[in-house]
Amino acid sequence: MSLSVSAAFDSGNIVVERLGGPDDIELRIRKDRDSEFFQWFHFRLSGARGQRCTLRITGLEASAYPGGWPGYRAAASNDRHHWWRAETRYDRDEAGGTLTITVTPQGDTLWLAYFAPYSMERHHDLVARIGAAPGVSVRTLGTSLEGQPIDCLSLGEGPLQLWFIARQHPGESMAEWWMEGALERLVDGDDAVARRLREKATLHLVPNMNPDGSRSGHLRTNAAGVNLNREWASPSIERSPEVLHVRAAMIDTGVNFMLDVHGDEAIPQVFVAGFEGIPSITDRQLALLHDYKAQLAAQTPDFQTRIGYPPSSPGKANLTMSTNAVAERFGCLAMTLEMPFKDHDDRPDAVAGWSPERSKQLGRDCLVTLAEMVERLR
């Protein structure tokens, strides 16, 4: 079998610049369509069984988050189910910033990605599997620019309206792994946390806000090159129907709680960003935010409150972002949850780094904290 590199599949992204042999593979990342953003990669290396390969991805100082490359290790898989971290180093001074990945494939094919992908096929499997559980309804809130459904899974009988959204930025695939973990817990009829939440509230989960970007291998934008998490003030059917449809559904139900799930390229921790700078902020909202973070930190050592984004100054919050827009409009607790692309510095894993499994477990753990506080969300 001859050596080849391909990204012609769901969420694939790479451009081959040179294929000189196993030790001389030069690549670059394709930009999001109609955008300058690029950082996500996902490709298949074939024909190198048992050969030590050196792959160089160049030009990365111009990527969306060049600070995300130092200390980062690429995700690799032989079977697309189990992902591990490959030997990786970054040199900012080589060829405009070069990430060098060194691997020895054990089989004829090896997949490499910025993080373990969450394919659109897996998304549809998730919707079908969870949607078949007792008490779950599946709605299409609308369609994306390319006609893909914006799926929302709802369950629970209580009056409180709890919303969860993920993958506004499609390259942050750990967010949909988080959703899978949360949904699996919520439909477990023997789980006390799930029973409490379903009794007290109605939960609405949108596992993938940006199916077009996900399928196209984008880092941050939809099919029009638009960053959805800057569209919440005035979404439009022409630029951001994904936000327009989800926001309309939120307005229809009301919102007592909202969590927007993301990944951060540079910070090797799990943390929450709040809404401190919104104009109409209340002491109640701030107390809920503080208590949720403190209780989640007590629930799981994977979460911490020391490191994160600096809060906005009073009255200076960016209201085009989901967390700020929702907290301001509904007077509720709204948060952005961030997970790392890198390893987790507080609890490093030499084999897997931050992983799909830990993302799923964090989804389960976040529900525990929510169940403890749910009565206070009225």
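Which residue in E15 does Trp 163 stand opposite? Trp 163 stands opposite Met 258, and the legends below place this pair in its setting. The model is predicted, so that local features need pLDDT of at least 70 and side-chain atom pairs count only at pLDDT 80 or more, while totals for chains, interfaces and linings use all residues. Residues are numbered from 1 along each chain as its sequence is written, and side-chain values use heavy atoms, with hydrogens and water left out.

**Figure 1. The seven-stranded sheet is open and mixed in its pairing.** Its strands follow the order E11-E12-E14-E13-E15-E17-E16. Helices (H or I, at least four residues) and strands (E, at least two) are DSSP runs, numbered from the N terminus. Strand E11 (137-143) and strand E16 (271-273) occupy the edges; each has a single partner strand, so one side of each is left without a neighbour in the sheet. From one strand to the next the twist averages 25 degrees; axes are lines fitted to C-alpha atoms, for helices over the stretch in contact, and angles run from 0 to 180 degrees between N-to-C directions. Two strands are said to pair if DSSP finds at least two bridges between them. Strand E13 (residues 160-166) and strand E15 (residues 257-264) are joined by five bridges in the parallel sense.

**Figure 2. Helices H2 and H6 pack on the seven-stranded sheet.** Helix H2 (residues 174-186) touches strand E12 (149-155), E13, strand E14 (201-206), E15 and strand E17 (333-340). The direction of H2 makes about 140 degrees with that of E15. Helix H6 (residues 283-299) touches E15, E16 and E17, and its direction makes about 30 degrees with that of E17.

**Figure 3. Phe 164 belongs to the largest nonpolar core.** A nonpolar core is a set of buried Ala, Val, Leu, Ile, Met, Phe, Trp, Tyr and Cys residues joined through side-chain atoms within 4.5 Å. Buried means under 20% relative accessible area, exposed over 50%, and partly exposed in between (1.4 Å probe, protein chains only). This core holds 108 residues, of which Phe 41, Leu 162, Phe 164 and Trp 178 touch the most other members. H2 contributes the most to the core, with eight residues. With neighbours within four places in sequence left aside, the contacts of Phe 164 (heavy atoms within 4.5 Å) include Trp 178, Met 179, Leu 203, Phe 257 and Leu 370.

**Figure 4. Aromatic rings form pairs between separate parts of the chain.** Rings of Phe, Tyr and Trp (its six-membered ring) pair if their centres lie within 6.5 Å; planes under 30 degrees apart count as stacked, over 60 as edge-to-face and the rest as tilted. The count comes to 13 aromatic pairs. Phe 41 and Tyr 114 make a tilted pair, 5.9 Å centre to centre with 40 degrees between the planes. Phe 41 lies in the loop between strand E3 (24-28) and strand E4 (42-46), and Tyr 114 in the loop between strand E10 (109-113) and helix H1 (120-131), 73 residues apart. Both Phe 41 and Tyr 114 are buried. Phe 164 and Phe 257 form another tilted pair, at 5.8 Å centre to centre and 55 degrees between the planes. Phe 164 lies in strand E13 and Phe 257 in strand E15, so this pair ties together parts that are 93 residues apart in sequence. Phe 164 is buried at 2% relative accessibility, and Phe 257 is buried with a relative accessible area of 0%. One aromatic cluster comprises Phe 41, Phe 43, Trp 69, Tyr 72, Tyr 90, Tyr 114, Phe 115 and Phe 341.

**Figure 5. Five strands form an open sheet with mixed pairing.** The order is E2-E3-E5-E9-E8. Strand E2 (15-21) and strand E8 (87-91) stand at the edges, each with a single partner strand, so one side of each lacks a neighbour in the sheet. E2 and E3 pair in the antiparallel sense over five bridges and form a hairpin with two residues between them. Val 15 stands opposite Arg 28 in E3. E3 runs parallel to strand E5 (residues 53-57), joined by three bridges, and Leu 27 has Ile 57 in E5 as its bridge partner.
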